[in-house]
Every structure is written in C-alpha cells, then in structure tokens.
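User: Please take a close look at a single part of this model and explain how it sits within the whole. A connected account would be most useful.

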Amino acid sequence: MITTPDLIESLVANAAPVRRLRPPVARAGGWLLFAALMIALLAVSHQVRPDLALRLRQPEFVIGIAASLATGVLAAIASFIASIPDRSRSWLLLPVPALFVWVSTIGYGCLINWVSVQPGSLPLGDEAGCFALLVLTGVPLSLAMLIMLRHAALLAPTQVAISGSLAVAAVTATALSIFHNHESSAIILIWNFGTAVLLVVLGGAFGRRMFSWVSPH
Amino acid sequence: MSPTSHNRGPDLTLVAEAAPRSDRESPAGRELDWSIYMARAQGGDREAYRRLLEDVTPYLRSIAARHFRNSCDIEDVVQEALLTVHAVRHTYDPARPFGPWLVAIANRRAVDALRRQGRSRGRELTLETEHETFAGPQANLAEAASDGRVLRDAVEQLPPGQRDAIRMLKLQEMSLKEAAEMSGMTVAALKVATHRALKSLRKVLGRQDRRT
C-alpha cells in the first residue's frame, strides 16, 4: 500500500489547473436549453399534433403539460445542485410538488377517460412512432446529463441518477404530449407515465454503473 | 491556456498570511486558509495544493476514526478521500466554506468503506491463530495431543508389571524407593521392568511411526 505522504506527492504532481464548475442553476439552465433545442428540432422534423391549439384550451391538458414541464425543470435543477458535495441532499425533494400535480392529472385523466377506453383504440404503428420519439429525445438528454454530472459518480451516484432520470422522463413526457396526436385516453396516459417510471427505475438501478463509466479518475 | 484564465471568480489574494498567528489556529481561520489554498490549487498552484492536502490529512483521519478502529482502515479512508478531493476539486466554489465540502466527501468515502466491509464480512472469515498450521509437526499442538493418546494406548498394552513400573516412575515421577514401597517390588525388579517397558514401547511406537 502506498503511504499517505507519497499519495499526496503524486496528487500534487498531477495537480493540473482545473476549470471551476459554473453555479449549478446555470448548468441546469444549459441542460434545459439543450432539451428545448431538441424539442424544437423535433417540432421541425415531426409535425406538432394537429389539435394542439384546441387542446391548449383544455385546462386539464394545460395543467398536465405544465406540471410535467415543471417536474422536468425542477428535477434538473435539483440534480445539478445535489451533485455538488457540500449541498444538502434535501434539494432532491424540489420536484416533488410538481411531480405530485403531474401524477394527479394523470390519475384524474384515467378516472374520467376510463369508460372511453376501447380495445384496439391504439394502432400498433403509432406505438412504434411513440417509442421512436421517446428514444430520440430520451437518449441524447440522458447522455448530456450523465456527462455534465460525471463528478457525482464519486459522491451520490444513485440519488443523482434517480433525480436526473426524473428530469429526462418529465421532459420526454412533455415532448410526447406535444407531438402525439391521440386523445388523452387512459392507455396513452399510462404509457406516458409508465415510461417515465421505467426511466427512473433504470436510472436508480444502473445509474451508479453508468456514472462509473464516465467518472473522472 | 494560462492558469489564471481558468479562474472565473474574482481574483483571490491570500489575506490569511497577514493575519495574526492565533487567528490562523482557530477553526474559522484554518478553514479560510484551506479555502484560499484550494482556490489557488484550482488554478494550478502546486505548493498551495500540497499544503492543503497535508493540512487536511489529520482532519480527514479524525473523521475516519469516528467510523473505524483499525489504523489500516482509517488510512484507507483517508487516502480514498484525498483521491476524491483530487478528482472533484473543480466542484469546489471558493465563495462557499471549505469545511462542509471536505466533510461531505470524507463521510461519503467512510460510508462506502463501511458498506464494502459489510459485504466482505458476509463472505469472508478472518484467519485466527487456531486456524494456522505449520510444516514442522512439533509446531502443531493438535498433533501433539494425538501423540499423547498414542503413548497412553501403548502403555496400556504393556504387561501389568512393566505398566505399573512405567506409570509410577515415569508418569507420576516417583522415586525408586517410593515406587518399591507402593508396589512391593524390589528396586532391582523395578529397574528391570522399566528398562523392558521402555524397550517394548520404543518397539511399538517405532512400528506405528513407520506405518503413518
């Protein structure tokens, strides 16, 4: 085993100048800007759902989309703040109120639309399109978050990964509800939220390992 | 890129050197020093970095000692904390106090080490002295105990006169006179019996040695 004074010597020998991180809120802003850019690009390449103007006049749709967007923004800010060693882990609770509202709107949507669910109302082709959209937004956003938060690998990988996945999932869900031209049937809502839960679970299960690939050494 | 171009914040000056000695030894003064050293180290000042790491090592050791008793474990945690400080030194913001930043890292490494220890304890067994064995047969106490049993068995199989003589003279360490009084045999007869007993024991044990 190397002795501690020797270790200090070798660390000092490797002490190249480093670039200080910007404030976490500014970095979260950078990531959200990237997310906005991604959604804008998708809006150009895909078509925004044709009934968007009509849907934006329905309060439950507006509340739902605002809640998922707020969850994404707040979860991103929470991840960037909590990834700094001396900041409190309580910051991770920041998106919880917005998440609660989002889950409530989904629950409400399920309740009032339950009767309207008909078998075969969701064609198979649309599910594939839905999935493609999900991957197109989710993967670049996850990678960007992973690289921006790589220092968290040595500090609180699991918590930060869960919070980061929630940010990605909520932003992706917002994108889905802008682009997906379907009635907000219970199936769509469950699909929408199910993928969000899946992303968060994957983040919790593999976040530590993914961080260890990109962690600074 | 020159080292100064990495500093985003306002230029920092080392004010603590001008401060009186007593002030520097207080925890607040010490932490201010560390904060300034780290800010300089982020810009590539190796001397400040060395002083910082040497200064914080005893502090890290005291944090590790809250979780571990073994000095090897404590030193492991200290070294891992130093490595982490090195790897994430860009996350330190000189506008904030240095202490909580360092303590958070040290606690993180201590908890990791505790978890690792918990995992390995479930699978591994510490080697105790009684598990040890040596190449030389004399060193293994368990072997000696079984040798003693073999000898007792061999004594048991001797003819009665020889067996009593060996027991009294060799195992109970009586004198010839005492043994003669107790057994009613003459001293000369005892001597002969002992001599014969030793001879046949040598033969019996020698045979067993060859067999094993």
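Analyst:

**An enclosed helix and the core around it**

Of the 23 residues of helix 7 of chain A, 21 are buried, so this helix is largely enclosed by the rest of the structure. The model is a predicted one. Helix 7 of chain A covers residues 157-179. Its length can be checked: at 1.5 Å a residue, its 23 residues should span 33 Å, and the end C-alpha atoms are 32 Å apart, which agrees. The expected span is 1.5 Å times one less than the number of residues.

Helix 7 of chain A also has a place in the largest nonpolar core, which has 82 residues. With 14 residues, this helix supplies the largest share of that core. The residues with the most contacts inside the core are Ile77(A), Ala78(A) and Leu52(B), and the last of these leads into chain B. In soluble globular proteins, nonpolar side chains tend to be buried together.

Leu52(B) is one of the buried residues of helix 3 of chain B. Leaving aside residues up to four places away in sequence, Leu52(B) touches Trp34(B), Tyr37(B), Met38(B) and Ala41(B). The other buried residues of helix 3 of chain B are Ala48(B), Tyr49(B), Leu53(B), Val56(B), Leu60(B), Ile63(B) and Ala64(B). Within chain B, the buried residues of this helix pack against helix 2 (27-42), helix 4 (71-87) and helix 5 (98-123), and they also pack against helix 1 (4-13) of chain A.

Helix 3 of chain B spans residues 46-65; at 1.5 Å a residue its 20 residues should span 28 Å, and its end C-alpha atoms are 28 Å apart, which agrees. There is nevertheless a bend of about 35° at Thr57(B), with a proline, Pro58(B), following within four residues.

The two chains meet through 20 residues of chain A in contact with 31 residues of chain B. On the chain A side, 14 of the residues touching chain B are nonpolar, three are polar and three are charged.

As for chain B as a whole, its secondary structure comes to nine helices and zero strands. Buried residues account for 24% of its 212 residues. Of the contacts in chain B between residues at least 6 apart in sequence, 54% join residues at least 24 apart.

Key: Residues numbered from 1 in each chain as written. Chains lettered and ligands numbered in written order. Predicted model: local features only at pLDDT ≥ 70, side-chain atom pairs only at ≥ 80, totals over all residues. Helix = DSSP H or I, 4+ residues; strand = E, 2+ residues; numbered from the N terminus. Buried ≥ 20, exposed ≤ 12 C-beta atoms within 10 Å, placed from the backbone. Contact = placed C-beta atoms within 7 Å. Core = buried A, V, L, I, M, F, W, Y, C linked by C-beta atoms within 7 Å. Nonpolar A, V, L, I, M, F, W, Y, C, P; charged D, E, K, R; others polar. Bend = angle between axes of the 7 residues up to and from the residue.
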